[in-house]
Amino acid sequence: MKSRWRARRAAPRVSVVVPVYDVEDYVEECLESVLAQEGVDLEVIVVDDGSRDSSAARVERFVTADGPVRLVRTANHGLGAARNEGVRHATGDYLTFADSDDVVPPGAYDVLLRQLRRNGCDFVTGSIVRWETGGGPDGDERLTQLPWMRRLHRSRAALMIDQQPEILGDVFAWNKMFRRDFWDGAGLSWPEGVRYEDQPTTTQAYLRARLFGIVPDVVYHWRIRGDGSSITQQRSSLQDLEDRWTTKRMALASVTTYGAPKVEQVFRDKVMAGDLHRYFVEIPGCDDAWWDLLVAGVRELWGERSLTHSGLTPAFRLVGWLVEQDRREDAAAVVTHVLGLGAPLPRVMTSRGPRIDVPVIDLRTVAPEAVLLRDDEH
C-alpha cells in the first residue's frame, strides 16, 4: 500500500473533497471508486458533518499514515459548510468534489485533468448518469445518461460562457475539476445553510472563467436512492421550495451582473426554468403555504417574461402560466391529467396553428401562447 501511493506522487495532485453525513451504507463504495482512479496523485479529504451513524467509523478504515485519505470531523452544518471545510484542508493544485453516496467511474479524473491541462482551462466539466437503485444499496440498478447532459457535453471543447450559455444548466458540483488557483482567485465557495448550493457556485465559475472545458465522457454516477431519502427527492416540503428560490435568486443575480443579454435570456428561459416541472407535479397534493410560495416565486423570477417563453414542455408551460395566474385548481387538474395520461398531450389544429389538447380545463380562458406549439414542436 505504501509504495502504491508513493508511486502516484509523480502525477498531478488532485484534492477530492467528500462530505459525509449518515451514509454508512454507501460511503465505502464511494471511497473505493475514488481511490481506484488512475493517473492522478490523490488527496482525499473526507469531512464527517456530524454523522449519527457509523459513517465516520467506516471512513477510518481507509485512513492510514501514508495513505491519501484524511478524515476531518465537524459538527453538523450542512453540505455547503462541509465542502468549504474540506477545501480549507486541501493542498492539491486541482480540486474536485464527490458526494458520499455516489460513485466515480474508472478513469474519470484522468479524463477531466487531461482536458483541463490541454487547453489551459480554469475548470472542466463532464457528463453524468443517473444511477437508480432499489430500496437500498443492494436493490435493482439502472444507469441512465440524461439526454440534455449528453447534448450539452456532445464534444470536447474549450469555451467561454457567451459561446454556450445553456451549459449553465449543468449545475452539479461533482462532475467538475477546478484549478485551485482559479477557485481561490475567483472567490468561490459553497453557500451554507441552504439546499441546492451547487447552482450559485457553478454559475459563478462559468461566468468568471477565462475558458472552461467540456468533455463528452461520463465522469460521475449520481445515485438516486430508492428509499427517497436524497435531498433532491423532498420537493414537496416548504423548506425545499424556499431554498430552491433562494439559490435561483443568487444565480440570477450573478448572471444579471455579468451583463450579457443573450446569456441572461437563455438562463431565464432554458436554465432557471428547467427543473420547475419537478415542482409542478407536487401541485395536486400541496398545501396552501406551499402553493402561495410557488406562485410568489414564479411571479418574482418570471413576472416580466412569462414561463410561456421557457424551455418547459408544452404541458408544463401551460401549468406555469396557470401558476402565474394563481389558478390552483386548473393547474392541479392539468398536472393530474398529464401524469395519468403517461404520454405527450394530443395536438389539435386551430386557426392560429397547432396547440395541445387539454380537456380538463376551458382553454378559452387561457392565453393562446400558453397552449400553442412552437415550430420545432409540430
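# A tour of the predicted model

By the ring-pairing rule applied to this predicted model, the count comes to 17 aromatic pairs. Select phenylalanine 172 and tryptophan 174 to see one of them, a stacked pair with 4.7 Å from centre to centre and 10° between the planes. Phenylalanine 172 has a relative accessible area of 9% and is therefore buried, and tryptophan 174, at 5% relative accessibility, counts as buried too.

Turn next to tryptophan 245 and tryptophan 302, whose rings form an edge-to-face pair, 6.3 Å centre to centre and with 65° between the planes. Because tryptophan 245 belongs to helix 9 and tryptophan 302 to helix 12, this pair ties together parts that are 57 residues apart in sequence. Both rings can be sought away from the surface, since tryptophan 245 is buried at 1% relative accessibility and tryptophan 302 is buried with a relative accessible area of 2%. For a wider view of the aromatic residues, select Phe97, Phe123, Phe178, Phe182, Trp183, Trp190, Tyr206 and Phe212, which ring pairs link into a cluster.

## Charged pairs

Across the whole structure, a search finds 30 salt bridges. Select lysine 176 and aspartate 170, which form one of them with their closest N and O atoms 2.9 Å apart; both of these residues are buried.

Stay with helix 9 (residues 238–258) and select arginine 244 together with aspartate 275, whose side chains meet in a salt bridge of 3.1 Å, N to O. Aspartate 275 sits in the loop between helix 10 (261–271) and helix 11 (276–280), whereas arginine 244 is in helix 9, so the pair ties together parts that are 31 residues apart in sequence. Now add lysine 248, which forms a salt bridge with aspartate 275 as well, the closest N and O atoms being 3.0 Å apart. This pair links distant parts of the chain, with lysine 248 in helix 9 and aspartate 275 in the loop between helix 10 and helix 11, 27 residues apart. Are aspartate 275 and arginine 244 buried or exposed? Both are buried, the relative accessibility of aspartate 275 being 16%, and lysine 248 counts as buried at 1%.

Salt bridges with shared partners also join Arg83, Asp99, Glu197 and Asp198 into one network. From Asp198, continue along helix 8 (residues 198–208), where ten of the eleven residues are buried, so the helix is largely enclosed by the rest of the structure. Its buried residues include Asp198, Gln199, Pro200 and Tyr206.

## Two residues with positive phi

Just before helix 8, select tyrosine 196, which is placed in the loop between helix 7 (180–185) and helix 8. Although tyrosine 196 is not a glycine, its phi is positive, at about 60°, and its relative accessible area of 9% makes it buried. Then select aspartate 326, in the loop between helix 13 (314–324) and helix 14 (328–341). Its phi is near 60°, again a positive value in a residue other than glycine, but aspartate 326 is partly exposed, with a relative accessible area of 40%.

## Strands 2 and 3

Display strand 2 and strand 3 (residues 69–74), which pair in the parallel sense over six bridges. Aspartate 48 has arginine 73, in strand 3, as its bridge partner. From strand 2 the chain passes through helix 3 to strand 3, and this β-α-β crossover is right-handed.

Glycine 50 is the next selection, in the loop between strand 2 (41–49) and helix 3 (55–60); it is partly exposed, with a relative accessible area of 25%. Which residues is glycine 50 in contact with, leaving aside its neighbours within four places in sequence? They are Tyr21, Thr74, Ala75 and Asn76. Histidine 77 and glycine 50 are 27 residues apart in sequence, and their C-alpha atoms are 8.0 Å apart in space.

## The nonpolar cores

In soluble globular proteins, nonpolar side chains tend to be buried together. Here the largest nonpolar core has 74 residues, of which Phe280, Ile283, Leu294 and Leu318 touch the most other members. Helix 12 (residues 288–302) contributes the largest share of this core, eight residues. Select phenylalanine 280 and its surroundings: beyond its neighbours within four places in sequence, its contacts include Leu294, Leu307, Leu312, Phe316 and Val335. Apart from this core lies another, of 39 residues, and the tour can end on some of its members, among them Val23, Val27, Phe62 and Val124.

How values were computed:
Residues are numbered from 1 along each chain as its sequence is written. This is a predicted model: local features need pLDDT of at least 70, side-chain atom pairs count only at pLDDT 80 or more; totals for chains, interfaces and linings use all residues. Side-chain values use heavy atoms; hydrogens and water are left out. A salt bridge is a side-chain nitrogen of Lys or Arg within 4 Å of a carboxyl oxygen of Asp or Glu. Buried means under 20% relative accessible area, exposed over 50%, partly exposed in between (1.4 Å probe, protein chains only). Helices (H or I, at least four residues) and strands (E, at least two) are DSSP runs, numbered from the N terminus. Contact means heavy atoms within 4.5 Å. Two strands pair if DSSP finds at least two bridges between them. A crossover is right-handed if, with the strands pointing away from the viewer, the path from the first strand over the helix to the second runs clockwise. A nonpolar core is a set of buried Ala, Val, Leu, Ile, Met, Phe, Trp, Tyr and Cys residues joined through side-chain atoms within 4.5 Å. Rings of Phe, Tyr and Trp (its six-membered ring) pair if their centres lie within 6.5 Å; planes under 30 degrees apart count as stacked, over 60 as edge-to-face and the rest as tilted.
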